There are 2 protein chains.
Amino acid sequence: MKRTVLYYGIALALLLGFLKYIEYRYMVRDLSIEFYLGIVALFFSGLGVWAGLRWANKHASAAPKDTAKSIVFLSPTPDLEATLAKLGISKREHEVLCLIAEGHSNQEIADQLFLSLNTVKSHSSNLFSKLDVKRRTQAIQRAKDLGLLSSSAGTFG
Amino acid sequence: MKRTVLYYGIALALLLGFLKYIEYRYMVRDLSIEFYLGIVALFFSGLGVWAGLRWANKHASAAPKDTAKSIVFLSPTPDLEATLAKLGISKREHEVLCLIAEGHSNQEIADQLFLSLNTVKSHSSNLFSKLDVKRRTQAIQRAKDLGLLSSSAGTFG
DNA sequence: GAAAACCTCACCCGAAAGTATGAATCACTC
DNA sequence: GAGTGATTCATACTTTCGGGTGAGGTTTTC
C-alpha cells in the first residue's frame, strides 16, 4: 500500500522533471499554469484509472466468478472450497485456473489480473503439480471433473 | 463517453477557480506550482480511481451474460454432422479436435492416430481457423459450446 | 514479533504449440 | 484426363508453455 503512494510520488516527480526539461529545452517561459495542470490532470487521471482497476480486481477477484453467485440455483458449489483446500489450491491459483479454462493465454491472464507474465506462470505451474497434470488442457479436464470451475460447471456438456 | 470528458473539464475548471479563490482570499502570492500540481494530481487520481471502478463495474456486469449463455440449455446436439459441415470441419479434423479436448498433446495425438506430428499440427491449425480461435484451449471451449464433443470426448479424463 | 503461507516477480532453458509455405498422394467427380 | 478436396508430410520460423530456482513483499496466525 505504501508502495503505491511511493509510486505516485515518483510519478509526480518524474512528470515535474519532464516539464521542467521541456521548459529548458525549448526556452518556453510562458507555459501557462493551466497547461501544467492539464498535463498533470491527464496523467494522474490515467494513473488513477489504472490504480482503480487494479484495486477493483484485487478486492472483487473477478475470476472465481461471482457470476456463479448469480446462477446459484444450478451449482450450489457445496464443497468447492473443501476440494480446493484438500488439494492445497490457493485463491489466486483458482482464479488463474478459471481463466485458463476459459481459454486465455498466460499473457492475457496476466493483463486481466494485473500480474506479471512470470507470476501467472508460477501460479499455473504450481497448479499443474497440485492437479497432477502436465498441460493446461489436462488441467481443464481435471478441473471440470473435480467441479472446480463454478461458472463453467454449468456447461454440463 | 464525451460526457465523461466534459465532467473532467468542469472538474478541472472548478478546481482552478477554487485555487484562484484561495489565492485571492488569503493573499497568498507564493504558492509554488508544485503545490498546485500536487492538489491537481491528488484530485484527479481520485477521479481516475472512481472512473476506473465505475468502468470495472460496468464490464463486470456485462461479462456474466456470456457465461450464462453457455449454461442456458443442455443443447441436445441435434445434428453434429450438420454443424461440422457448416463449419467445414472434416472428419479427420474432428477426430483431432476430440483428442485435443481430452487434453492430449500434439505428439500424443500423432501417436494415437498413426500420424506425423506435422500432420497433426496442420489439422489443428486448420481447425483453429475454422473455429475462429487462436489456441487449443479456446478451441475446447468453442467446441463445447457448439456441441462438437458430444460422443467421444465427454468428461472422462 | 516471529513463523508460515501466500503472492509477486525475475532469469534461464527446453519443449510444445502455432504459422506459413509448399508439395505429394488418394479418392471422387465432371 | 483434369479438377477438386481431403489427407499426409516437410521445413523453417515465431510464439507460448512449462520447469526450475531464487528472492523479496504481504497477510495471517500464533
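Which polar side-chain atom lies 2.9 Å from a phosphate oxygen of DNA strand D? Select B:Arg92: a polar atom of its side chain is at that distance. The model is predicted, with local features requiring pLDDT of at least 70 and side-chain atom pairs counted only at pLDDT 80 or more, while totals for chains, interfaces and linings use all residues. Residues are numbered from 1 along each chain as its sequence is written, chains are lettered from A and ligands numbered from 1 in the order in which they are written, and side-chain values use heavy atoms, leaving out hydrogens and water.

**DNA strand D**

Keep strand D displayed and add A:Asn106, where a backbone N or O atom lies 3.1 Å from a phosphate oxygen. At A:Arg136, a polar backbone atom is 2.7 Å from a phosphate oxygen of strand D. These are polar contacts, that is, pairs of N or O atoms within 3.5 Å. The elements giving two or more residues to the surface near this strand are H7 of chain A together with H4 and H6 of chain B. H6(B) gives the most, with four residues. Helices here are DSSP runs (H or I, at least four residues), numbered from the N terminus.

Next, select the 19 residues around strand D; A:Ser125, A:Arg136, B:Ser90, B:Ser116 and B:Asn118 come nearest. A residue is near a strand if one of its heavy atoms lies within 4 Å of it. Of the strand D atoms within 4 Å of the protein, 73% belong to sugar or phosphate and the rest to bases.

**DNA strand C**

Move to strand C, which has 18 residues around it, the nearest being A:Ser90, A:Arg92, A:Ser116, B:Asn106 and B:Arg136. Sugar and phosphate make up 67% of the strand C atoms that come within 4 Å of the protein. Select A:Asn118, whose side chain has an N or O atom 3.3 Å from a phosphate oxygen of strand C. For A:Thr119, a polar side-chain atom lies 3.3 Å from a phosphate oxygen of this strand. H7(A) provides the largest share of the surface near strand C, four residues.

**Helix H4 of chain B**

Finally, select residues 91-101 of chain B, helix H4, in which eight of eleven residues are buried (under 20% relative accessible area, 1.4 Å probe, protein chains only). Among them are B:Val96, B:Leu97 and B:Ile100. The buried residues pack against helix H8 (136-146) of chain A and against H3, H5, H6 and H7 of chain B, contact meaning heavy atoms within 4.5 Å. Just after the helix, B:Gly103 takes a positive phi of about 90°.

Definitions and conventions
Buried < 20%, exposed > 50% of the residue type's maximum accessible area, 1.4 Å probe, protein only. Polar contact = N/O pair within 3.5 Å; in protein donor to acceptor, adjacent residues only side chain to side chain.
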